[in-house]
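Here are some notes to read alongside the coordinates. They are set out as numbered points, going from the overall layout to single residues.

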Amino acid sequence: MGELVNFKDTSFYTNREMSWLSFDRRVLSEAQDKTIPLFERLKFLSITASNLDEFFMVRVASLLDMVNAGYKKEDIAGLSPKKQLALLDKATHELVKEQYDVYRKQLIPELAVNHLRVIEHHEMLSEKEGAFVDRFFAEQVYPVLTPMAVDSSRPFPLIRNKSLNLGALVCKKNGGSELEFATVQVPAVLPRIVEIPVGTDECGADSDGIGKSIILLEEVIERNIRKLFLNYDIVCVSPFRIERNADLTIEEDEAEDLLKEIEKQVKKRQWGQAIRLEVEDGMDARLLGIISDELDIEPSGIYKIKGPLDLTFLMKAYGMEGFEELKYKKHVPVDHPRLTGEYDIFEAIREGDILLHHPFQSFDPIVKFVKDAAEDKNVLAIKQTLYRVSGNSPIVAALARAAENGKQVTVLVELKARFDEENNIVWARKLEQAGCHVIYGLVGLKTHCKICLVVRREEDGIRRYVHLGTGNYNDATAKLYTDVGLLTCSEYMGEDATAVFNMLSGYSEPITWSNLALAPIWLKKKFLRLIGRETQNAREGQPAKIIAKMNSLCDPDIIAALYEASAAGVSIDLIVRGICCLKVGIPGVSENIRVRSIVGNFLEHSRIFFFENNGKNEVYMSSADWMPRNLERRVEILFPILDEKLKEEAMHILKSQLADNAKAHSLKKDGTYARVQKHGASRYCYQEVFCEEAKQKEKATRPDPIANHVFIPREKV
Amino acid sequence: MAVETFAAIDVGSFELGMKIFEFSKKGSIREIDHIRQRVDIGSDTYADGKISYKNMEELCRVLREFTRIMKSYHVEKYRAYGTSAIRETDNTPIVVDQIRQRTGLEIGVLSNSEQRFLDYKAVALKTKDFEKIIEEGALILDIGGGSIQLSLFENGKLLTTQNMRMGVLRIDEEMMEMEPKISRIRELLSEMTEHHLETFRELFLGSKKVRNLIVIDDYVSQIIQKRAAYANGGESGHNTSRLEIAQFNKFINELHSKSQEELSGMLGIPEENAKLMYISAALVSEVAQMCKSDKIMAPGVTLCDGIAYEYAQTHKLIPDTHDFVGDIVSCAQHIALRYNGREDHIKVLEKLSLEIFDSMKKMHGLGARERLLLRIAVRLHDIGKYVSMSLLGESAYRIVMATEIIGLSHSEREIVARIIKYNYDDYEYQDDKHGHNMNEHIDESELVIAKLTAILRLGNALDRSHKQKIRNISVSHKDDLLIIGVDCEGDITLERNRVDRCGSFFGEIFAVRPVIVKKSSVKK
């Protein structure tokens, strides 16, 4: 029966862009959720905005490119680029409208109730406040502004990608009635939020002096616009913002020097085709006409906004002092129970594999792993992949230090990490100067795997310590993203890790792999085999189950394999945070598949895979999502969890996520998501539970000096 | 440190390989890294006898990288060897010198037989139950790019080792002209190889079957390993389980109808290797059929393993589990047998010659390796008669030079061949090509040849009649005499006369004159 179904039928698939939009909508729903502290909701709204920015610059831009190039190939759901754009056009306008509804109708009033007054228009300033912002303008803003007028002798200026600008129509004083276009960029060097001191106005702050008033910088400039164009009369003025095509298409095979090429591309990016224009609703039609003509923007690319442009300023608002009771209490990652106090990281790993779950558990051991390796006299070599690292990364510093200490340090720096190139080039150079062997990525492939290998010479020979993870070596994001990582010194893992770096260094592939599976060559096949094995088991009447957690699911081969598995009776639970092109509940195709998405305080980022394997459970973790780009165009690693206890820990993570009824949304047959219903059960928020559990676990191992009647002198730091 | 780190470098024809090993005090060898890089110097060499500048540059670049990696592991000792591509360049010493100058690495050059011997050593030392397997009967099939090597074992002894020009790359090249589909390859290959394999079978096997087939190659080995491990319910990799031949054939049949691309996908190997893998698999299947094997195994050794095991074995870092000298001798014995060498005469001659050799240690200063060469020369000394009764020396020389003896280098083989030649013919001091006498800087190997020739001649003289009259001797040295006490009943006039005749050459070399003294007469 099942053989008759074509699992690749396009009607079984959801368009990935539309699926992505529904993800952004789920984030937006967090901003609407009244059970969440108000300032956290600001953060979520800000995230929806920055997400959308990237979506336009990358996804919409690339669809436009396709349409312009006459490319008609249909997507996974059978839609041509043109049809997709039409769908997106409608959906994005709706989403933006919802964003601003949330902003204006929910957040602004609630902020006011909570003593934060957002002055939406400069016209609403009191006299005293007006005087304050005018002084602020004169002292701080005016000196950094570059107003530009456009006439026949001066061309239309370059409007930078994602920059916020004020556009105006001006008319020469005494010069007749000819209108000229003038513009000024709202300087990015100044904070967007201008705080008006308490007491500036009687109604700004509450009588007891708590509370704040803020106004946005563009309003301050708008109020003072006349001072910029002294010889002109201002006819109208209004903010606008554009997004440009940011898709980097680097001709890797041709680039003599990849590094230079990217530097060039980064500069070029500001010149990319403008694809979206945001203007304040009510902008003068003549002004809008000039801007959209000059930028050559389609009418569908114009967004008339009821509220301030670029809501990402809300992230800054979140960071404002005060209002702590309106934010989550900051979770401080705690120590792994086996890595507390003063410990020898290598000894700890020798005692058994260690599974770290960030940000519940601290990322410090990984930093320590590299730092200690840099100083350890027995360490011969450190090899590591770096994708996105934090500014001032302690790991980069440790690697440089290791090279200075005479260790062989090999670092693969992925320059192609989107929007991060400039940052990457700087520290890549730093590493090279320190004497590290730096590999600037691979031609034609993005190196996305996260692996660190320390080769250590010990009494009984070489021993290799390996860290494999699902997240970047970034100590800053490790506090915000949920990721898992494994520390091990298993001989086979060590051999494989060595082979990985040999391959990354340009040597031939190893003859065999023991434990690891790598994309782009072996990984997809491995996943298909693992899924296929469950299908086979189900057909033979054995228990068969798959639980898979990832960020995105849109690989058609994997989805078809999952459909086939479901049709054969495999029970499949998917925890997919973002894009999911798979549809649930299709009769005979996906009735045994459940999809849920968790959008929580921490960004879900780990990738964990469970296969029942007829009772011999297998658990894997990976840097890869089930997306074609991960499986086919990137270097990714899938690693098994072999230690039975750690397998249980991993299963605990998966099961808790499946039990979550606070932050989980489940995918419905119609392709929409809905919050999981509690049905009378008590609230279970897995992220909160894990914060608590991590604390308990750590506490349990911490020696209690009073109970033990033993005081332990602290060692010199 | 209780551990010694060692690097083995294989400058192959199409690929550079390096393995890093650890030798522990306990006598174990552990591989810790394996680095491979494609550099096709073979095509240059085979096409015009020289390595192009570009490839030389690339070769040295990679080797310099290797030295960097060696440094990172604190490697103390290394051995680096070039094989056919280096060996067959017109200017091998210059190539070796260039590499030395540019990378600091000292590259040795291996003859085919030495190279195969190293492969074989790795198999013998790495394979569990190797002795048991060769006792059962085994054939090692070592598949190279240009040729394959068959080494046959019977009752635990190496019987023969034969080289055939049927390597995967060579076959691939020949096939390329015919552009066959994967499905046709097997048929064509069978036609191409049948004749050679039949000859091997007729010469060495007759109707016998060889139970175990041991495969050494770069392509199909990993698949045999995986299948074998799977069939035996074990983990993949690090395994030397045996696979039933029927299962192997079933596997090949599955591949039969696949395209190169599908093969690559199915087996997870690069597409360019897929065809070579199939050719390799088909070769294995042909050979398995020829020797009627039941079981097949692939220990997955490379030349680098061989280099490491050779080093470890000669430096006594691992226990001796196999008698490799015995293999060389046994192999020589079978060559002699093939050319109707007289077993009874050889046995006595070996005993006498070695007796003389051992008792003269202080006079000749030669070591165990030269003793082995003497043994081989003894074994093969009378094979010339198979070709010509009058040109005994020259014929034997030619046979030896055309016969591969596993474990001997080319120059060692030439030493053996010349010792045998001079056993019959007058010894010629070697002049250089311009006719200048080279005495001032005489080659070490010339001395070896001269000394061993003198000893072989003396030994031969003692059994001149080939009747084994003299079986036991005692050798002593007094003034300018080498006194050979013989224990013999019969008349030894002929032998005495012969000893006198070879005495002048012997004297020339060792400055002593051999004389026979009959022990029995002394007693009486």
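1. What does the domain assignment of chain A give? In this predicted model, the assignment for chain A lists domain 1 (1–107), domain 2 (121–265 + 276–306), domain 3 (345–514) and domain 4 (519–684). Domain 2 is thus written as two segments, 121–265 and 276–306.

2. The pairing of domain 3 of chain A with domain 4 of chain A can be described from the contacts, with 23 residues of domain 3 meeting 24 residues of domain 4. On the domain 3 side, the elements that give two or more residues are β10 (354–358), β14 (446–447), β15 (450–458) and β17 (481–488) of chain A, and β17(A) gives the most, with five residues. By class, this side of domain 3 of chain A, where it touches domain 4 of chain A, has twelve nonpolar, seven polar and four charged residues. The centres of the two domains, domain 3 and domain 4 of chain A, taken over C-alpha atoms, are separated by 27 Å.

3. Two cis peptide bonds in chain A deserve a look in the coordinates, and the general background is that most peptide bonds are trans. One of them joins A:His358 and A:Pro359, with omega about 0 degrees, and A:Pro359 lies in the loop between β10 and α10 (364–375) of chain A. Another runs from A:Ala519 to A:Pro520, with omega near 5 degrees, and A:Pro520 is placed in the loop between β18 (517–519) and α14 (523–539) of chain A.

4. Helix α2 of chain A, residues 38–68, can be checked for its length: at 1.5 Å a residue its 31 residues should span 45 Å, and the end C-alpha atoms are 43 Å apart, which agrees. The agreement in span should be read together with a bend of about 35 degrees at A:Phe56 in α2(A). Just after α2(A), A:Gly70 takes a positive phi of about 75 degrees.

5. How do the side chains of strand β9 of chain A, residues 302–305, point? They alternate, with A:Tyr303 and A:Ile305 pointing to one face and buried, while A:Ile302 and A:Lys304 point to the other face and are not buried. That is the general expectation, since in a regular strand the side chains alternate between the two faces of the sheet. Strand β8 of chain A, residues 274–280, runs parallel to β9(A) and is joined to β9(A) by four bridges; within this pairing, A:Tyr303 is the bridge partner of A:Glu278.

6. Turning to the contact between the chains, 20 residues come from chain B and 19 residues from chain A. On the chain B side that touches chain A, β2 (15–24) and β3 (29–38) of chain B each supply at least two residues, and the largest share, eight residues, comes from β3(B). By class, the side of chain B that touches chain A has five nonpolar, ten polar and five charged residues.

7. For chain B, the domain assignment gives domain 1 (3–110), domain 2 (128–298) and domain 3 (324–523). The centres of domain 1 of chain B and domain 3 of chain B, taken over C-alpha atoms, are separated by 38 Å.

8. Is B:Val378 buried or exposed? B:Val378 lies in helix α17 of chain B, residues 368–380, and counts as buried because 32 other C-beta atoms lie within 10 Å. Leaving aside residues up to four places away in sequence, B:Val378 touches B:Ile346, B:Leu349, B:Glu350, B:Ser353 and B:Leu456. B:Ser241, by contrast, is 137 residues from B:Val378 in sequence and 40 Å from B:Val378 in space, C-alpha to C-alpha.

9. Two residues of chain B can be inspected for their backbone angles, given that most residues other than glycine have a negative phi. B:Asn340, in the loop between α14 (324–338) and α15 (343–359) of chain B, has a positive phi near 55 degrees, and is exposed, with 11 other C-beta atoms within 10 Å. B:Asp479, in the loop between β12 (472–478) and β13 (481–487) of chain B, has a positive phi near 50 degrees, and counts as exposed with 8 C-beta neighbours inside 10 Å.

Definitions and conventions: Residues are numbered from 1 along each chain as its sequence is written. Chains are lettered from A and ligands numbered from 1 in the order in which they are written. This is a predicted model: local features need pLDDT of at least 70, side-chain atom pairs count only at pLDDT 80 or more; totals for chains, interfaces and linings use all residues. Domain bounds come from an automatic or database domain assignment. Two residues are in contact if their C-beta atoms, placed from the backbone, lie within 7 Å. Ala, Val, Leu, Ile, Met, Phe, Trp, Tyr, Cys and Pro count as nonpolar, Asp, Glu, Lys and Arg as charged, and the others, Gly among them, as polar. The expected span of a helix is 1.5 Å times one less than its number of residues. The bend at a residue is the angle between axes fitted to the seven residues ending there and the seven starting there. A residue is buried if 20 or more other C-beta atoms lie within 10 Å of its own, exposed if 12 or fewer, and partly exposed in between; C-beta atoms are placed from the backbone. Two strands pair if DSSP finds at least two bridges between them.
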